[in-house]
Amino acid sequence: MTKVSAIHLKTGEEIDLMRHANQVVAEVLTLLENEATPGMTTWDLDRLSEECCRDLGAAPAFKGYYGFPASLCASINEEVVHGIPSRKRVLREGDIVSLDFGALYKGFYGDSAITVAIGHVNDRKARLMRVTEESLYKGIAEAQAGNRVSDISKAVQAHAEGAGFSVVRQYVGHGIGTQLHEAPEVPNYCAPETSSPRLQAGMVLAIEPMINMGTYAVKTLGDRWTVVTEDRQPSAHFEHSVAITSTGPVILSNRV
Ligand code: MG
Ligand code: MG
């Protein structure tokens, strides 16, 4: 992941372009949520995502990013993030699948993720999904000018750990704009030893809790992309791109 040290503030016009990019992402995710059913493969979802994105006049952002071979990240059950779509990965009743999609529109990126249930899922998985999405919104509520990035982190962590789940440390949220990943990093846990940047109007952040049912420890599989929980218990992931404005956080990737 490329790190840019300076935080790039966006103008109102730039935020409007980012809203457009993120609304493409939102539309893709809504389509996938509606289409994902038992018997489909993650390859099918990848094809749908890319077609929908291009039909809406944007380019899929992840394809080719550091060599990623697909448009969509599709991570099933114990897979945390960066699952590679495959004709061999069939969705089954009771699975949860995290769908992370990015779009590039007129030079600006959008990035958002949801975790969806395939058919009926057990109560533990349903609760993990619910708490992860709630954690995202707890974090977004702290995305206020004058707060620090760590206020977002604290809110996410408190909600997820308060429910008995754990917060992935190894992957974090990020600034977003003309680069998919910009400064600052937005961790979902508090790292007390680091000083955390102050939030200001014009910053756009991708806030993205990755919450595990068991241990927070993760590892990368031999395909060099797919990240799984070390204990192979399920994981969920929700993400929004959020603009910080003088009147509070604005979710650019909102799905209506
Ligand atoms: Mg994402
Ligand atoms: Mg992201």
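Biologist: Accessible areas come from the Shrake-Rupley method with a 1.4 Å probe. What percentage of the accessible surface of the protein belongs to carbon and sulfur atoms?

Modeller: The model is a predicted one, and its C-alpha trace spans about 45 × 40 × 35 Å along the principal axes. The accessible surface of this protein comes to about 10,800 Å². Of that surface, the part that belongs to carbon and sulfur atoms is 49%.

Biologist: What radius of gyration does the globule rule give for 256 residues?

Modeller: The secondary structure of the protein comes to four helices and 15 strands. The radius of gyration of the protein is 17 Å, and the protein is as compact as a globular protein of its length because this value is close to the one that the globule rule gives for 256 residues, namely 18 Å.

Biologist: Among contacts in the protein between residues at least 6 apart in sequence, what percentage join residues at least 24 apart?

Modeller: Of the 256 residues in the protein, 54% are buried. When the contacts between residues at least 6 apart in sequence are taken, the part that joins residues at least 24 apart is 70%.

Biologist: How far apart do the centres of the positive and negative side chains lie?

Modeller: The protein carries 24 positive side chains and 31 negative ones. Between the centres of these two sets, the separation is 4 Å.

Biologist: What spacing do the donors of the magnesium ion (ligand 1) follow along the chain?

Modeller: The protein donors of this ion are Asp100, which is listed twice through OD, together with Asp111 (OD) and Glu239 (OE), and they lie 2.0 to 2.6 Å from the magnesium ion (ligand 1). Aspartate 100 lies in strand S4 (residues 96-105) and glutamate 239 in the loop between strand S13 (235-237) and strand S14 (240-245), so the pair ties together parts that are 139 residues apart in sequence. Aspartate 100 and glutamate 239 are both buried. Along the chain, the donors of the magnesium ion (ligand 1) follow the spacing D-x10-D-x127-E.

Biologist: Which residue bridges the magnesium ion (ligand 2) and the magnesium ion (ligand 1)?

Modeller: The protein donors of the magnesium ion (ligand 2) are Asp111 (OD), His174 (NE2), Glu208 (OE) and Glu239 (OE), lying 2.1 to 2.3 Å from the ion, and their spacing along the chain is D-x62-H-x33-E-x30-E. Histidine 174 in strand S7 (residues 173-175) and glutamate 208 in the loop between strand S9 (204-207) and strand S10 (210-212) are 34 residues apart, and this pair links distant parts of the chain. Both histidine 174 and glutamate 208 are buried. The two magnesium ions, ligand 2 and ligand 1, lie 3.2 Å apart, and the residue that bridges them is aspartate 111.

Biologist: Is leucine 136 buried or exposed?

Modeller: Leucine 136 has its place in helix H3 (residues 123-141), and, leaving out residues up to four places away in sequence, it touches Ile207, Pro209, Phe238, Glu239 and His240. Of these, Glu239 is also a donor of the magnesium ion (ligand 1). Since the relative accessibility of leucine 136 is 1% and the cut-off lies at under 20%, leucine 136 counts as buried.

Biologist: How far apart in space are serine 86 and arginine 232, C-alpha to C-alpha?

Modeller: Serine 86 is found in the loop between strand S3 (79-81) and S4. Its contacts, apart from neighbours within four places in sequence, are Thr41, Thr42 and Trp43. Serine 86 and arginine 232 are 146 residues apart in sequence, while their C-alpha to C-alpha separation in space is 20 Å.

Biologist: Which proline does a cis peptide bond join to alanine 183?

Modeller: Most peptide bonds are trans. Here, however, a cis bond with omega of about 0 degrees follows alanine 183, and the residue joined by it, found in strand S8 (residues 182-186), is proline 184.

Biologist: What is the relative accessible area of lysine 106?

Modeller: Most residues other than glycine have a negative phi. Histidine 82, in the loop between S3 and S4, has a positive phi near 65 degrees, and it is partly exposed, with a relative accessible area of 24%. Lysine 106, in the loop between S4 and strand S5 (108-117), likewise has a positive phi, near 45 degrees. Lysine 106 is exposed, and its relative accessible area is 60%.

Note on methods:
Residues are numbered from 1 along each chain as its sequence is written. Chains are lettered from A and ligands numbered from 1 in the order in which they are written. This is a predicted model: local features need pLDDT of at least 70, side-chain atom pairs count only at pLDDT 80 or more; totals for chains, interfaces and linings use all residues. Side-chain values use heavy atoms; hydrogens and water are left out. Helices (H or I, at least four residues) and strands (E, at least two) are DSSP runs, numbered from the N terminus. The radius of gyration is taken over C-alpha atoms; the globule rule is 2.2 Å times the number of residues to the power 0.38. Buried means under 20% relative accessible area, exposed over 50%, partly exposed in between (1.4 Å probe, protein chains only). Contact means heavy atoms within 4.5 Å. Lys and Arg count as positive and Asp and Glu as negative; His and the chain ends are not counted. The place of a charge is taken as NZ of Lys, CZ of Arg, CG of Asp or CD of Glu. Donors are N, O and S atoms within 2.8 Å of the metal (3.2 Å for Na, K and Ca); water is not among the atoms, so sites may look incomplete.
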